[in-house]
Amino acid sequence: MSSNDTSFPWAGLIETGVITGVATGLLYIAGWSYAYHYFQCFHLGLIGLEIEREYFLLYGFWVCKARWCLTTLCLLAAFGLPLLLQRCWQQRPELRSWLRAVAQTGGPIGLLLLFIVFYQLGAGTGKADFAREQRGDFLSYSRVKVWLKDEKDKRGEAWAKGCHRLLLRGKEQLYLFRADGVSEQIPTEIVPNSEVAAVRLLPLYQTTDECR
């Protein structure tokens, strides 16, 4: 960029397309981090869970809603600072060389820090939501009965009692767990759909004495 260029280096950041792209990326990274750390509490990774990508944006909205105060401050700083510096660029020509250096160096670093902050917000919210669900006996997950095609399979005896909760149901596998209000992480039992004869969701959400 030539020294006599009067355009501000961060001017592109206030364009609608750039703002939309950055906001979408922040939502996605926050949602991805939320899902990663939430399902990690069930000893599950994201690769095999068949979660559609648009759900990460939804999780990102959950993160922003739960941490709205900090999210608002971050966004105001991220998009308000370029506007402030651009105003200084227009009104204080003698500071342009300094403002250009700040914009060219601080812009990429600030954007990277912003993504790191949203990643950490997603991680903290995911862990907090798991802890809240655990304290509430996982009332968001209904109990389920699963019968296997092979009636001699001993694993099916436990799954048919209705003490497990249905965490996820993918195209190829069922993910079951038993509510536990003590452990920091809960093991998940993975049942291939090819082995399942029938599934019944129960209108029950509390852990009864026989399931403890």
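Is Tyr55 buried, partly exposed or exposed, and what is its relative accessible area? In this predicted model, the relative accessible area of Tyr55 is 41%, so the residue is classed as partly exposed, since that class covers the range between the under 20% of buried residues and the over 50% of exposed ones. Tyr55 belongs to helix H2, which comprises residues 53-66. Together with Leu58, Phe61 and Trp62, Tyr55 makes a nonpolar surface patch of about 420 Å².

The setting for this patch is a chain of 212 residues, 35% of which count as buried. The chain contains 5 helices and 5 strands, and their order along the sequence is α-α-α-α-β-α-β-β-β-β. The accessible surface of the chain amounts to about 12800 Å², with 58% of that area belonging to carbon and sulfur atoms. When contacts between residues at least 6 apart in sequence are considered, 69% of them join residues at least 24 apart.

The aromatic residues may be taken next. The whole structure holds 17 aromatic pairs. One of them is formed by Phe42 and Phe130, whose ring centres are 5.2 Å apart and whose planes meet at 90°, an edge-to-face arrangement. Phe42 is located in the loop between helix H1 (16-40) and H2, whereas Phe130 is part of helix H4 (residues 96-135), so the pair ties together parts of the chain that are 88 residues apart in sequence. Phe42 counts as buried, because its relative accessibility is 0%. Phe130 also counts as buried, at a relative accessibility of 3%. Both residues belong to one aromatic cluster, whose members include Tyr28, Tyr34, Tyr38, Phe39, Phe56, Tyr59, Phe138, Tyr141 and Phe177. Trp62 is another member of that cluster, and Trp62 also contributes to the nonpolar surface patch with Tyr55.

A further aromatic residue, Trp159, leads to another part of the chain. Trp159 is located in helix H5, which spans residues 155-159, and counts as buried because its relative accessibility is 4%. Beyond its neighbours within four places in sequence, Trp159 contacts Val144, Lys145, Val146, Leu148, His164, Leu176, Glu189 and Val191. The C-alpha atoms of Trp159 and Val199 lie 9.8 Å apart, although the two residues are separated by 40 positions in sequence.

The cysteines provide a covalent connection. Which residues form the disulfide, and how far apart are their sulfur atoms? The structure contains 1 disulfide, formed by Cys163 and Cys211 with their sulfur atoms 2.1 Å apart. The torsion about the S-S bond is about -70°, and the disulfide is therefore left-handed. Cys163 lies in the loop between H5 and strand E2 (164-169), while Cys211 lies in the segment after strand E5 (196-201); the pair thus links distant parts of the chain, 48 residues apart. Cys163 counts as buried at 9% relative accessibility, and Cys211 counts as buried at 6%.

Two other cysteines complete the account. Cys74 has Cys64 as the partner with the closest cysteine sulfur, but the distance is 9.6 Å, so the two sulfur atoms are too far apart for a bond. Cys74 counts as buried, with a relative accessibility of 15%. Cys41 likewise counts as buried, at 9% relative accessibility.

Terms used: Residues are numbered from 1 along each chain as its sequence is written. This is a predicted model: local features need pLDDT of at least 70, side-chain atom pairs count only at pLDDT 80 or more; totals for chains, interfaces and linings use all residues. Side-chain values use heavy atoms; hydrogens and water are left out. Patches are made of residues with over 30% relative accessible area and no salt bridge: like charges are joined within 9 Å, nonpolar side chains (Val, Leu, Ile, Met, Phe, Trp, Tyr) within 5 Å. Accessible areas come from the Shrake-Rupley method with a 1.4 Å probe; for residues, only the protein chains shown count as cover. A salt bridge is a side-chain nitrogen of Lys or Arg within 4 Å of a carboxyl oxygen of Asp or Glu. Helices (H or I, at least four residues) and strands (E, at least two) are DSSP runs, numbered from the N terminus. Buried means under 20% relative accessible area, exposed over 50%, partly exposed in between (1.4 Å probe, protein chains only). Contact means heavy atoms within 4.5 Å. Rings of Phe, Tyr and Trp (its six-membered ring) pair if their centres lie within 6.5 Å; planes under 30 degrees apart count as stacked, over 60 as edge-to-face and the rest as tilted. A disulfide is a pair of cysteine sulfur atoms within 2.5 Å.
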